[in-house]
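Subject: Structure for you, with notes

Hello,

Here is the structure I said I would send. Please have it open while you read; my notes follow it.

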Amino acid sequence: MKKVEAIIKPFRLDDVRQALTAIGIQGLTATEVKGFGRQKGHTELYRGAEYVVDFIPKVKIEIVVPEDKVDDCVEAITRSARTGKIGDGKIFVTPVERVIRIRTGEEGPEAI
């Protein structure tokens, strides 16, 4: 099993969710996060004073999938999250040693 984490632009979340549903992904966790990379920040004006917004709002998606679905999952996220502009995000794939469904005690791929 693998954990796929993606940091994307917030307005792309619905498109990504639909793309993942279309390939059979049944669940995901989405968290509102803030960060910066090459996109850096930007200057805004509030009550006549300029200030720099260093952290850009993003959404972090976390999905645990069987190894045979990783490539499809990454491709679906990439295709649906891409705008072609700076700040489209990143995808991280890491191994998962163990998954347990709390309600039933099921473990492994059955617990996903």
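A salt bridge here is a side-chain nitrogen of Lys or Arg within 4 Å of a carboxyl oxygen of Asp or Glu. Keep in mind that this is a predicted model.

**Salt bridges**

Side chains of opposite charge can pair when their charged atoms come close. The structure holds seven salt bridges. Here are some of them.

Glu107 pairs with Arg98, and their closest N and O atoms are 3.0 Å apart. That counts as a salt bridge because the cut-off is 4 Å. Arg98 is exposed, at 56% relative accessible area. Glu107 is partly exposed, at 38%.

Arg101 and Glu106 also form a salt bridge, at 3.6 Å from N to O. Arg101 is partly exposed, with 24% relative accessibility. Glu106 is partly exposed too, with 31%.

Asp15 bridges to Arg12, with 3.5 Å between the closest N and O atoms. Is Arg12 buried or exposed? Arg12 counts as buried, because its relative accessibility is 18% and buried means under 20%. Its partner Asp15 is partly exposed, at 32%.

**The nonpolar core**

The largest nonpolar core has 16 residues. The residues with the most contacts inside this core are Ile8, Val16, Leu20, Ile61, Ile63 and Ile77. Four elements give two or more residues to it: strand 1 (2-8), helix 1, strand 5 (56-65) and helix 2. Which of them gives the largest share? Helix 2 does, with five residues.

Ile77 is a good place to look. Leaving aside neighbours within four places in sequence, Ile77 is in contact with Val4, Ala6, Val16, Leu20, Ile63 and Ile91.

**Helix 1**

Val16, Ala19 and Leu20 are buried in helix 1. Viewed down the helix axis, the buried residues fall within an arc of 95 degrees, so they line one face of helix 1. What do these buried residues pack against? They pack against strand 1, strand 5 and helix 2.

Just after helix 1 comes Gly24, which has a positive phi of about 95 degrees. Gly27 sits in the loop that runs from helix 1 (13-22) to strand 2 (29-35). Gly27 is partly exposed, at 44% relative accessibility. Its C-alpha atom is 7.1 Å from that of Ile63, although the two residues are 36 apart along the chain. Ile63 is also one of the core residues named above.

**Strands**

Strand 1 pairs with two partners described here. With strand 5, the pairing is antiparallel and has seven bridges. Ala6 stands opposite Ile61 of strand 5. With strand 6, strand 1 also runs antiparallel, and six bridges join the two. There, Val4 stands opposite Val93 of strand 6. Both Val4 and Ala6 are in contact with Ile77.

Val53 belongs to strand 4 (residues 49-53). Val53 counts as buried because its relative accessibility is 18%, and the cut-off is under 20%. From C-alpha to C-alpha, Val53 is 9.9 Å from Phe36, and 17 residues separate the pair in sequence.

**Asp88**

Asp88 deserves a look of its own. Where does Asp88 lie? It is in the loop between helix 2 (70-81) and strand 6 (90-95). Asp88 counts as buried, with 16% relative accessibility.

Its side chain makes a polar contact of 2.4 Å with the side chain of Thr83. A polar atom of the Asp88 side chain also lies 2.9 Å from the backbone nitrogen of Gly84. Beyond its neighbours within four places in sequence, Asp88 is in contact with Ile7, Ile8, Lys9, Ala81, Arg82 and Thr83. Of these, Ile8 is among the core residues with the most contacts.

**If you only have a minute**

- Look at the 16-residue core, where helix 2 gives five residues.
- Turn to helix 1, whose buried residues line one face.
- Then go to Asp88, which is buried and in polar contact with Thr83.
- Finish with the salt bridge between Glu107 and Arg98.

Best wishes

Key
Residues numbered from 1 in each chain as written. Predicted model: local features only at pLDDT ≥ 70, side-chain atom pairs only at ≥ 80, totals over all residues. Heavy atoms only, no water. Buried < 20%, exposed > 50% of the residue type's maximum accessible area, 1.4 Å probe, protein only. Polar contact = N/O pair within 3.5 Å; in protein donor to acceptor, adjacent residues only side chain to side chain. Contact = heavy atoms within 4.5 Å. Core = buried A, V, L, I, M, F, W, Y, C linked by side-chain atoms within 4.5 Å. Arc of directions from axis to C-beta. Pairing = 2+ DSSP bridges.
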